[in-house]
Amino acid sequence: MDDLASWPTGRLLLIAARLVEREWNAVLAERGLTHAGFLTLNALGDGPRTQRELAARTYVEEQTIRPVLDRLERNGHISRERDPADRRRVMVTRTPRGERTYTALLAGDSAERIIADRVGDPEVLRAELIRLISGIRGQ
């Protein structure tokens, strides 16, 4: 096993992020979701959206969001219907199942528990990560 204490901080942070992401993805997979699917359900929180709007809100290209929507629809998390005001547009909506799944993930606080259960003071870690990200962004 590698001596973690000898690793540079940046490497530790990158590996920690990957490990947290892997555990989060496993939690999502149990509910038939991917990270992109979760972000899409989040983006639908304030009502129906077009595919283009969802792509913009999840920071992906339109062609990238299509397979995400296909999977969400297959799993019953969303529905797609033509916009009655403009038949060229397809509106995407969270289904009751999608709403329950999304709400359960938030209520269970699964993402936070992955970290909080393993660090001494999650709030200190959170504050430092915010400071790091803000400093890198130049804010």
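This section describes the pockets, the aromatic contacts, the nonpolar core and several single residues of a predicted model.

The largest pocket holds about 820 Å³ of space. Its lining is made up of 25 residues, and those nearest the centre of the pocket are A17, V20, I115, L125 and L129. Three helices, α1 (9-29), α6 (110-116) and α7 (122-137), each contribute at least two residues to this lining. Of the elements involved, α1 gives the most, with 9 residues. Sorted by class, the lining of the largest pocket comprises 17 nonpolar, 7 charged and 1 polar residues.

The second largest pocket contains about 160 Å³ of space. Its lining consists of T50, Q51, R52, E62, R88, R89 and V90. Two or more of these residues come from each of the elements α3 (51-57) and β3 (86-94). Strand β3 gives the most to the lining of the second largest pocket, with 3 residues. By class, 4 of the residues lining the second largest pocket are charged, 2 are polar and 1 is nonpolar.

The aromatic side chains were examined next. The count of aromatic pairs in the model comes to 2. One aromatic pair is formed by W24 and F38, with the ring centres 5.2 Å apart and an angle of 90° between the planes. The arrangement of W24 and F38 is edge-to-face, because planes over 60 degrees apart are placed in that class. W24 belongs to helix α1 and F38 to helix α2 (residues 35-43), so the pair ties together parts that are 14 residues apart in sequence. W24 has a relative accessible area of 10% and is therefore buried, since the limit for a buried residue is under 20%. F38, at 12% relative accessibility, also counts as buried. A single aromatic cluster is formed by W24, F38 and Y102.

Two arginine side chains have their charged ends over aromatic rings. The charged end of R94 sits over the ring of Y102, a member of the aromatic cluster with W24 and F38. The distance from the charged end of R94 to the centre of the Y102 ring is 4.4 Å. The charged end of R11 is placed over the ring of W7, at 3.7 Å from the centre of that ring. R11 lies in helix α1 and is partly exposed, with a relative accessible area of 40%. Between R11 and G108 the separation is 97 residues in sequence and 30 Å in space, C-alpha to C-alpha.

The largest nonpolar core comprises 19 residues. Within this core, the residues with the most contacts are W24, L54, L69, L72, I78 and L105. At least two residues of the core are supplied by each of the helices α1, α2, α3, α4 (62-74) and α5 (96-108). Helix α4 provides the largest share of the core, 4 residues. W24 thus appears both among the residues with the most contacts in the core and in the aromatic cluster with F38 and Y102.

Three further residues were considered one by one. L19 is located in helix α1. With a relative accessible area of 41%, L19 is partly exposed, because that class covers values between the limits of 20% and 50%. L19 and I114 are 95 residues apart in sequence, and their C-alpha atoms are 9.7 Å apart in space.

V92 is part of strand β3, the element that gives the most residues to the lining of the second largest pocket. The relative accessibility of V92 is 1%, so V92 counts as buried. V92 is separated from E53 by 39 residues in sequence and by 9.8 Å in space, C-alpha to C-alpha.

Y59 is placed in the loop between α3 and α4. The phi angle of Y59 is near 60°, a positive value in a residue other than glycine. At 77% relative accessibility, Y59 counts as exposed, because the limit for that class is over 50%.

Key. Residues are numbered from 1 along each chain as its sequence is written. This is a predicted model: local features need pLDDT of at least 70, side-chain atom pairs count only at pLDDT 80 or more; totals for chains, interfaces and linings use all residues. Side-chain values use heavy atoms; hydrogens and water are left out. On a 1 Å grid over the protein atoms alone, a cavity is a set of points where a 1.4 Å probe fits but cannot get out, and a pocket is an open set with protein on both sides within 12 Å along at least five of seven lines; lining residues have an atom within 4 Å of a point. Grid points are joined across faces, edges and corners, and a volume is the space filled by probe spheres set on the points. Ala, Val, Leu, Ile, Met, Phe, Trp, Tyr, Cys and Pro count as nonpolar, Asp, Glu, Lys and Arg as charged, and the others, Gly among them, as polar. Rings of Phe, Tyr and Trp (its six-membered ring) pair if their centres lie within 6.5 Å; planes under 30 degrees apart count as stacked, over 60 as edge-to-face and the rest as tilted. Buried means under 20% relative accessible area, exposed over 50%, partly exposed in between (1.4 Å probe, protein chains only). A charge sits over a ring if NZ of Lys or CZ of Arg is within 6 Å of the ring centre and within 35 degrees of the ring normal. A nonpolar core is a set of buried Ala, Val, Leu, Ile, Met, Phe, Trp, Tyr and Cys residues joined through side-chain atoms within 4.5 Å.
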